[in-house]
Structure formats: C-alpha cells, structure tokens
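Grab a pencil and work through a few short exercises on the chain shown here. Try each task yourself before you read its solution.

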Amino acid sequence: MGMKTKIALGAVVGLVVIGAVSANSGDGGGDGKSDSRTSASSGENSGGAKSDGTDGKSDAKPAEDKAVEKASQADQFKAFVQKNGTAAEKDAIAHVTKVQGADEQNDILDAADVYTDFTGGIMGEGTGPANLIASAFADWKQSENGLVTVYDADGELLGNGEF
C-alpha cells in the first residue's frame, strides 16, 4: 500500500472508533435534559401506579435488615473472622479499625487497605498480627490479582498479602 492509502485508512478507522464511542456514551443518564418516556407505557400510569398493579413503592425491609446490609467493611470482615477464623486471627482482628476497598473488585487490580490500632510501624508489635490479618482477609475475599495492605494507627505499613 502507498503512504496516502495508509493515512486514509487510519483516518477512517479513527472516525469509526470515535463514532462508536460517542454512540455508546449517550445513554441519557447524565444531564436529564431529554426524557424519552412520553407515555404511560413505560411502566407508570398517570396516577403514579405501575402497570403491574402495584403502587410503585418498593417492599421496605425492616430497619434491622438494612443495618446488617449496611455494616461497614470492617464490621463485615470482623464478623467473618469471628465465624470462620482461628483463635490467633480472632485476636488479631480485634485491632482492626477500618477496611477500605474490599467491596470494589474487578479481578484486574484489586487493592484493599486494612487499618489497625497498632503502633510502631514495621518494627513495632503489629507486624506478626498484620500477617494474620492479611491471611484472614484472603480467606474472606478472593481475587485473581488482589493485594491487601495492613497499616498501623499512624498509617505506616505493617504488612501485606495477596488475596
């Protein structure tokens, strides 16, 4: 192929890619300027009732069920270890204060952080329990490519492990 043909082909491919991306990104969820619903056939009658006979309100769960579902990641982790962990792991997770990144996994590069109330950094008393915490975390969450990092109270690294 000649140089002009390669450039023209590259321009056509570029335009096709740009067109495909712009077509897929316009799902109407952002600015709310246009609403494609023009009739009651989209699931709502003019009185607010859905076409299936319900009033459109969700079936509300009791408050205690919602509290269990909305427990912090640290509380969920502690509950798992209390149920399934060894005695040493149960002692170690008593020092966990916060867990971040445990609920957002994509199996490409998952990273979770566990914060504890240990002090002294990597030379302090929390290094051994940090390994137990990382091991218990790996039992709790599984990922193709996950890394859990355990920090002390000052945010210094105590240890890490794969999960």
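The exercises below go from the whole chain to single residues.

Before you start: this is a predicted model, where local features need pLDDT of at least 70, side-chain atom pairs count only at pLDDT 80 or more, and totals for chains, interfaces and linings use all residues. Residues are numbered from 1 along each chain as its sequence is written, and side-chain values use heavy atoms, with hydrogens and water left out.

**Exercise 1. The whole chain**

Task: Work out how many helices and strands the chain has, and in what pattern they follow.

Solution:
- Step 1: Helices (H or I, at least four residues) and strands (E, at least two) are DSSP runs, numbered from the N terminus.
- Step 2: Counting them up gives 5 helices and 4 strands.
- Step 3: Along the sequence, they come in the pattern α-α-α-α-β-β-α-β-β.
- Step 4: Of the 163 residues, 23% are buried, where buried means under 20% relative accessible area, exposed over 50%, and partly exposed in between (1.4 Å probe, protein chains only).

**Exercise 2. A hairpin**

Task: Find out how strands β3 and β4 run relative to each other, parallel or antiparallel.

Solution:
- Step 1: Locate β3 at residues 146–151 and β4 at residues 157–162.
- Step 2: Two strands pair if DSSP finds at least two bridges between them; here 5 bridges do the joining, and the strands run antiparallel.
- Step 3: Pick one bridge: Val-150 has Gly-159 in β4 as its partner.
- Step 4: Now look at the 5 residues between the strands; in this hairpin, Gly-155 takes a positive phi near 85°.

**Exercise 3. Aromatic pairs**

Task: Say which kind of pair Tyr-115 and Tyr-151 form, stacked or edge-to-face.

Solution:
- Step 1: Get the rule straight: rings of Phe, Tyr and Trp (its six-membered ring) pair if their centres lie within 6.5 Å, and planes under 30 degrees apart count as stacked, over 60 as edge-to-face and the rest as tilted.
- Step 2: The structure holds 5 such pairs.
- Step 3: Tyr-115 and Tyr-151 sit 5.1 Å apart, centre to centre, with 20° between the planes, and this pair is stacked.
- Step 4: Tyr-115 is in strand β2 (residues 110–116) and Tyr-151 is in β3, so the pair ties together parts 36 residues apart in sequence.
- Step 5: As for cover, Tyr-115 is partly exposed, at a relative accessible area of 22%.

Task: Do the same for Phe-137 and Trp-140, and see which cluster they belong to.

Solution:
- Step 1: This pair is edge-to-face, at 5.5 Å centre to centre and 80° between the planes.
- Step 2: Both residues lie in helix α5 (residues 127–140), and because they are 3 residues apart there, about one helical turn separates them.
- Step 3: Phe-137 is buried, with a relative accessible area of 0%, and Trp-140 counts as buried too, at 14%.
- Step 4: Ring pairs link Phe-137 and Trp-140 with Phe-77 and Phe-163 into a cluster.

**Exercise 4. A residue in β4**

Task: Decide whether Glu-162 is buried or exposed, and list what Glu-162 touches.

Solution:
- Step 1: Find Glu-162 in strand β4.
- Step 2: With a relative accessible area of 69%, Glu-162 is exposed.
- Step 3: Leaving out residues up to four places away in sequence, Glu-162 touches Ala-138 and Gly-146; contact means heavy atoms within 4.5 Å.
- Step 4: Glu-162 and Phe-137 are 25 residues apart in sequence, with 9.0 Å from C-alpha to C-alpha.
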